[in-house]
Amino acid sequence: MTVNVVYIGTGMMLILLITSSLYRKQKRKGKVVCVVESICTGCRRCVKKCARHVLETATGETGIHAVVKYPDKCSACGDCLGKCKFNALKLVERI
Ligand code: SF4
Ligand code: SF4
């Protein structure tokens with residue numbers, strides 16, 4: 001009886017994990033990261049975090065800031081967003 005409860009509990013947890021993973025993937029589909037240059041400080045925290053090397057920094061009219069150098073490589077995982085203390089990154093619809 002106890003063993004059955006453990007199996008059922010584990011099964012339900014797995015189904016929940018798979019469902020939430022698929023939901024997140026679907027939500028990210030068709031999105032890409034975007035930099036709000038006016039509030040970006042160019043700290044490079046996002047650049048270092050991105051495993052796909054999508055981001056770089058460049059100097060523009062507002063000073064140094066992050067740029068999306070390789071948008072095609074962005075999976076919209078959101079890892080870089082969590083590293084930005086200034087909310088200078090957003091996920092937007094791909095054009
Ligand atoms: S959303 Fe993910 S893949 Fe895209 S730039 Fe940020 S960390 Fe890289
Ligand atoms: S972490 Fe934020 S402030 Fe720092 S470079 Fe990236 S976008 Fe700019």
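This passage describes the nonpolar core, the surroundings of ligand 2 and two residues with unusual backbone angles in a predicted model.

The largest nonpolar core of the model comprises 15 residues, and those with the most contacts inside it are Val 33, Val 35, Cys 46, Leu 55, Cys 80 and Leu 89. Two or more residues of this core are given by each of the elements β1, which spans 31–35, and α2, which spans 45–49; of the elements, β1 gives the most, with three residues. In soluble globular proteins, nonpolar side chains tend to be buried together. When residues up to four places away in sequence are not counted, Cys 46 touches Leu 55, Ala 66, Cys 80, Lys 83 and Leu 89.

Cys 46 is also one of the residues around ligand 2, a set that further includes Cys 40, Thr 41, Gly 42, Cys 43, Arg 44 and Arg 45, together with Ala 66, Cys 84, Phe 86, Ala 88 and Leu 89. This shell divides into eight nonpolar, two polar and two charged residues, and the space taken by ligand 2 is the largest cavity.

Two residues that are not glycines have a positive phi. For His 53, which is found in the loop between α2 and β2 (55–60), the value is about 55°; His 53 counts as exposed because its relative accessibility, 55%, is over 50%. Asn 87 likewise has a phi of about 55° and is found in the loop between α3 (79–83) and β4 (89–93). With a relative accessible area of 56%, Asn 87 is exposed.

Terms used: Residues numbered from 1 in each chain as written. Chains lettered and ligands numbered in written order. Predicted model: local features only at pLDDT ≥ 70, side-chain atom pairs only at ≥ 80, totals over all residues. Heavy atoms only, no water. Core = buried A, V, L, I, M, F, W, Y, C linked by side-chain atoms within 4.5 Å. Buried < 20%, exposed > 50% of the residue type's maximum accessible area, 1.4 Å probe, protein only. Helix = DSSP H or I, 4+ residues; strand = E, 2+ residues; numbered from the N terminus. Contact = heavy atoms within 4.5 Å. Near = heavy atom within 4 Å. 1 Å grid on protein atoms, 1.4 Å probe; cavity = no way out; pocket = protein on both sides within 12 Å on 5 of 7 lines; lining within 4 Å. Sits in = over half its atoms within 2 Å of the grid points. Nonpolar A, V, L, I, M, F, W, Y, C, P; charged D, E, K, R; others polar.
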